[in-house]
Amino acid sequence: MNKNAPIINKESIDNWRDKKFGMFVHWGLYSKGDIGEWSMYLGPIDVDEYAERANEFNPDKFDATKWAKLAKSAGMNYMVLTAKHHDGFSLWDSKACLNDHTSVNSPAKRDFIKEYVEAVRNEGLMVGLYYSPLDWRFPGFFLPQMYKKSAEALVKQAHDQIRELMTGYGKIDLYARQCEADRKL
């Protein structure tokens, strides 16, 4: 157990319940037109073919300020944005991301996490991030004993990326993660 991890107890759960109303924005490379966030898995779309979609990623209508103002006007107390979903595409300038699969390396050339964090803070809302440790580009997630190097690379990338998110954008008030028992690689 990480000694620096936040303590989850009755007080922290009650505090969360007091927040009551917020916005969870599920948005990323998969938001482009004809695909959804599970398309690489359910499609199935080949990993390399899916990665090519990043070469077309340039969402010029992305407006974090508009989202934050909408959340505030609706009486929301927080927002959570998907920083990285299962497709492995990072919405920030991640130096830890293998294969440069990030929004900054796409035609967008934007750090969407930075824009989002600034917009949410400007509206006085709590900032939240969701990070999925699953990354379909790593067969070691599913079969860690068979693909040990892949599994180790995935774990290292996840630790490094979470560190980037938690230290590069000021205080992150809320974060969501998928939890499972620690795996021995």
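Reader: Are F57 and F89 buried or exposed?
Author: Happy to start there, with a predicted model in which local features need pLDDT of at least 70 and side-chain atom pairs count only at pLDDT 80 or more, while totals for chains, interfaces and linings use all residues. Residues are numbered from 1 along each chain as its sequence is written, and side-chain values use heavy atoms, without hydrogens and water. Buried means under 20% relative accessible area, exposed over 50% and partly exposed in between (1.4 Å probe, protein chains only). By that rule, F57 and F89 are both buried.

Reader: What kind of aromatic pair do F57 and F89 form?
Author: Rings of Phe, Tyr and Trp (its six-membered ring) pair if their centres lie within 6.5 Å; planes under 30 degrees apart are stacked, over 60 edge-to-face and the rest tilted. For F57 and F89 the centres are 5.1 Å apart and the planes meet at 75°, making the pair edge-to-face.

Reader: And how exposed is F142?
Author: F142 pairs with F141, whose ring centre is 5.3 Å away with the planes at 80°, so this pair is edge-to-face. F141 counts as buried at 17% relative accessibility. F142, in contrast, is partly exposed, with a relative accessible area of 45%.

Reader: Which residue lies over the face of Y131?
Author: A charge sits over a ring if NZ of Lys or CZ of Arg is within 6 Å of the ring centre and within 35 degrees of the ring normal. Here the distance from the ring centre is 4.8 Å, and the residue over Y131 is K84.
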